[in-house]
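Please take a look at the model below. The notes that follow cover its sheets, its main pocket and one histidine.

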Amino acid sequence: MTTENSDLIEVGTVIEAYGIRGALKIRPFSNDPVALLATKEIWLSGIRLPQMRDFSVYKAKEHSGSVILELVGLTDREIALSFKSATVLIPRSKFPPLDDNEYYWTDLMGAEVHNQQNELIGIVNEIVDNSAQTVLIVLDEEKKQHLIPFVKSFIIEVDLESTPKKIAVDWQKDW
């Protein structure tokens, strides 16, 4: 299995071994982990791993908000535990296509956020899901955080084709 590291996208974290046969319990970064459930290959990276390792996925399923992955050749619970806290990556080429007005979080990271007065609010530094909605965490020049819900009433336009990427929002700089 080969892939360019630049094609790999972080999609979750190993939080635990699952069962006695060495499956991994993954906390996905998205509340809709379709790419993680559909992929046939993953890469693991982390402090405990001297270098990134790739695995073929034997079986994947959702379980109580997490994803359980059974990997080819990983059948020992103790070895599975050694991957705890590792980052799970999959090739971008394996992501399912998006519908109009849908975005992968990874594509929004680093985008400039401007309001309707064309004032720069800041740069998308992090994205979280608070179970009610997705929230952009935007850092301004003074490192102040602006938490902007990524919902239609606040997001006017997303332009990922421009350089730099831009998001227009209905938001005031001093909110």
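How do S1 and strand S6 pair, and over how many bridges? In this predicted model, the two strands pair in the antiparallel sense, over five bridges. S6 spans residues 87–91.

## The barrel

S1 and S6 belong to a closed barrel of six strands. The order is S1-S2-S5-S4-S3-S6, and the pairing is antiparallel. From one strand to the next, the twist averages 50°.

Two residue pairs fix the register between S1 and S6. Leu8 stands opposite Pro91 in S6. Gly12 stands opposite Val88 in S6. On the S2 side, S1 is joined to strand S2 (residues 23–28) by six bridges, and these strands also run antiparallel. Here Tyr18 stands opposite Ala23 in S2. S1 and S2 form a hairpin, with four residues between them. Gly19 lies in that turn and has a positive phi of about 75°.

## The open sheet

Six strands form an open sheet. They run in the order S10-S9-S8-S7-S12-S11, and the pairing is mixed. S10 and strand S11 (155–159) stand at the edges. Each has a single partner strand, so one side of each is left without a neighbour in the sheet. The twist averages 35° from one strand to the next.

S12 shows both kinds of pairing. Strand S7 (residues 112–115) runs parallel to strand S12 (residues 166–169), and four bridges join them. One residue pair here is His114 with its bridge partner Ala168 in S12. S11 and S12, in turn, run antiparallel and are joined by four bridges. Val158 has Ile167 in S12 as its bridge partner. A hairpin of six residues links S11 to S12.

In general, the strands of a sheet pair through backbone hydrogen bonds, either parallel or antiparallel.

## The largest pocket

What volume does the largest pocket have? The value is about 1,000 Å³. The pocket is lined by 36 residues. Closest to its centre are Glu102, Tyr103, Tyr104, Trp105 and Leu108.

Several elements contribute to the lining. Strand S1 (8–18), helix H1 (34–38), helix H3 (105–108), strand S8 (120–129) and S11 each supply at least two residues. Among these, S1 is a strand of the closed barrel, while S8 and S11 are strands of the open sheet.

## His146

Is His146 buried or exposed? His146 is buried, because its relative accessible area is 2%, and the cut-off for buried is under 20%. The residue is found in strand S10 (residues 145–149). S10 is an edge strand of the open sheet.

What does the His146 side chain make a polar contact with? The partner is the side chain of Asp140, at 3.2 Å. Leaving aside residues up to four places away in sequence, His146 touches Ile121, Leu136, Ile137, Val138, Asp140, Trp171, Lys173 and Trp175. Asp140 therefore appears both as a contact and as the polar partner, around a residue that is buried.

Methods. Residues numbered from 1 in each chain as written. Predicted model: local features only at pLDDT ≥ 70, side-chain atom pairs only at ≥ 80, totals over all residues. Heavy atoms only, no water. Buried < 20%, exposed > 50% of the residue type's maximum accessible area, 1.4 Å probe, protein only. Polar contact = N/O pair within 3.5 Å; in protein donor to acceptor, adjacent residues only side chain to side chain. Contact = heavy atoms within 4.5 Å. Pairing = 2+ DSSP bridges. Axes fitted to C-alpha atoms, helices over the stretch in contact; angles between N-to-C directions. 1 Å grid on protein atoms, 1.4 Å probe; cavity = no way out; pocket = protein on both sides within 12 Å on 5 of 7 lines; lining within 4 Å. Points joined across faces, edges and corners; volume = space filled by probe spheres on them.
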